[in-house]
Amino acid sequence: MADAAQPFDQRDGFIWFDGAFTPWADAKVHVLTHGLHYASAVFEGERAYGGVIFKMREHNQRLIDSGKLLGFDIPYTVEEIDRACVETLAKQGFEDAYVRPIAWRGSEMMGVAAQNNTIHLAIAVWQWPSYFDPAERLKGIRIDLAEWRRPDPRTAPSKAKATGLYMICTLSKHAAERKGYADALMLDWRGQVAECTGANVFFVKDGKLHTPTPDCFLDGITRRTVIGLAKARGIEVIERAILPEELSSFEECFICGTAAEVTPVSEIAQWRFTVGEITKTLMNDYAAAVRPPAKTAEVAAA
């Protein structure tokens with residue numbers, strides 16, 4: 001396993017790059033690539049468990065759809081991207097790993113307009129055990145309230161997993177970490193609860209799940225998975241506008257995403273939560289859901 005502190009441009013292995021495997025250190029783009037200067041890039045975060053990439057087709061279809069929202073067509077079908085992800089995972093020799101496809105406009109033209117730039121696609125795979133400190137995650141992470149807000153969807157393509165939309169996420173997470181928090185909760189332009197910097201948020205009250213309506217941020221694939229798991233347990237899920245002043249009325253809180261998986265929250269700014277039974281149940285249900293059937297059976301038998 002690579003050292004977590006090892007720079008990402010100095011790791012070992014191969015990256016799938018425009019249809020061929022390239023040695024990791026040689027997977028480079030020009031400094032004048034359009035995606036770097038104008039954020040004309042889209043990406044996905046996927047996880048493999050036991051050698052199987054969880055909901056890979058949904059992720060890779062969203063990648064293609066995100067490109068279309070940014071005005072470009074990725075020159076590969078979803079089936080070809082699926083196959084490339086599987087091959088890259090195998091090439092790296094990992095079973096449990098993170099998978100990052102990214103597509104971007106190249107460097108033929110430099111300027112706001114770049115209609116004819118080549119669209120590139122790369123896929124990297126690395127081992128990334130836990131997005132948050134494992135000990136902190138078990139007792140519930142601490143989250144700050146972000147200064148930056150998710151924008152009005154009339155000002156940005158909020159349904160795309162586009163790199164430019166993460167600029168305010170990085171700013172918010174850095175500010176939170178400087179104050180000793182693990183992450184930040186972002187409101188939207190209306191002042192309603194939206195999401196964390198890279199994960200959706202859920203709250204528990206009177207045995208029911210409450211979660212913001214994703215009308216200006218991604219309706220995450222993990223989010224939809226958790227909603228399905230909750231409903232299978234008979235837990236009512238209420239999607240609605242949530243105001244910050246309501247946070248004191250909730251008993252439990254957790255966030256979820258491909259990187260975060262299901263992570264309990266003990267604190268958001270001045271609000272406190274317990275790591276309760278619904279959160280623990282959905283953590284366990286999600287952990288079981290992502291494992292391939294054979295691996296799940298092996299864990300149960302152990």
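Two residues are in contact when they have heavy atoms within 4.5 Å of each other. Keep that rule in mind while reading this predicted model.

Start with His-59. This residue sits in helix 2. Leaving out residues up to four places away in sequence, His-59 touches Glu-44, Gly-45, Glu-46, Phe-54, Ile-221 and Thr-258. Is His-59 buried or exposed? A residue counts as buried under 20% relative accessible area. His-59 has a relative accessibility of 2%, so it is buried.

Helix 2 also leads to the largest nonpolar core. Helix 2 covers residues 56–69. This core has 26 residues. Val-42, Ile-53, Phe-72, Ile-74, Ile-81, Cys-85 and Leu-121 touch the most other members. Two or more residues each come from helix 2, helix 3 (78–92), strand 6 (97–105) and strand 7 (119–126). Helix 3 gives the largest share, five residues. In soluble globular proteins, nonpolar side chains tend to be buried together.

Look next at Val-42 in this core. Not counting residues up to four places away in sequence, its contacts include Leu-63, Phe-72, Ile-74, Pro-101 and Ala-162. Another core lies apart from the largest one. This other core has 21 residues, among them Ile-141, Val-201, Phe-203 and Phe-273.

Now follow the strands. Strand 8 (residues 141–145) pairs with strand 15 (residues 261–268) in the parallel sense, over three bridges. Here Arg-142 stands opposite Glu-267. Strand 8 also pairs with strand 9 (residues 183–187), again parallel and over three bridges. In this pairing, Ile-143 stands opposite Asp-183. Which helix joins strand 8 and strand 9 in a β-α-β unit? The helix is helix 5 (residues 167–178), and the unit is right-handed.

Strand 9 has a further partner. Three bridges join strand 9 to strand 10 (residues 193–196), and these two run antiparallel. Leu-187 has Val-193 in strand 10 as its bridge partner. Strand 9 and strand 10 form a hairpin, with five residues between them. In the turn, Gly-191 has a positive phi of about 90 degrees.

Move on to Thr-211. Its place is strand 12 (residues 208–212). Setting aside neighbours within four places in sequence, Thr-211 is in contact with Val-201, Phe-202, Arg-223, Ile-238, Glu-239, Arg-240 and Ile-242. With a relative accessible area of 0%, Thr-211 is therefore buried. Val-201, one of these contacts, is a member of the 21-residue core.

Finish at the second largest pocket. About 380 Å³ of space lies in this pocket. Nineteen residues line the pocket, and Tyr-49, Pro-129, Arg-137, Glu-261 and Arg-291 are the closest to its centre. Strand 4 (46–49), strand 6, strand 15 and helix 7 (277–290) each give two or more residues to the lining. Helix 7 gives the largest share, five residues.

Tyr-49 deserves a separate look. This residue belongs to strand 4. Is Tyr-49 buried or exposed? At 7% relative accessibility, Tyr-49 counts as buried. Beyond its neighbours within four places in sequence, Tyr-49 is in contact with residues including Phe-54, Glu-95, Glu-261, Tyr-286 and Arg-291. Glu-261 and Arg-291 also appear among the residues closest to the pocket centre. Phe-54 is a contact of Tyr-49, and His-59 touches Phe-54 as well.

Terms used. Residues numbered from 1 in each chain as written. Predicted model: local features only at pLDDT ≥ 70, side-chain atom pairs only at ≥ 80, totals over all residues. Heavy atoms only, no water. Helix = DSSP H or I, 4+ residues; strand = E, 2+ residues; numbered from the N terminus. Buried < 20%, exposed > 50% of the residue type's maximum accessible area, 1.4 Å probe, protein only. Pairing = 2+ DSSP bridges. Right-handed = clockwise from strand over helix to strand, strands pointing away. Core = buried A, V, L, I, M, F, W, Y, C linked by side-chain atoms within 4.5 Å. 1 Å grid on protein atoms, 1.4 Å probe; cavity = no way out; pocket = protein on both sides within 12 Å on 5 of 7 lines; lining within 4 Å. Points joined across faces, edges and corners; volume = space filled by probe spheres on them.
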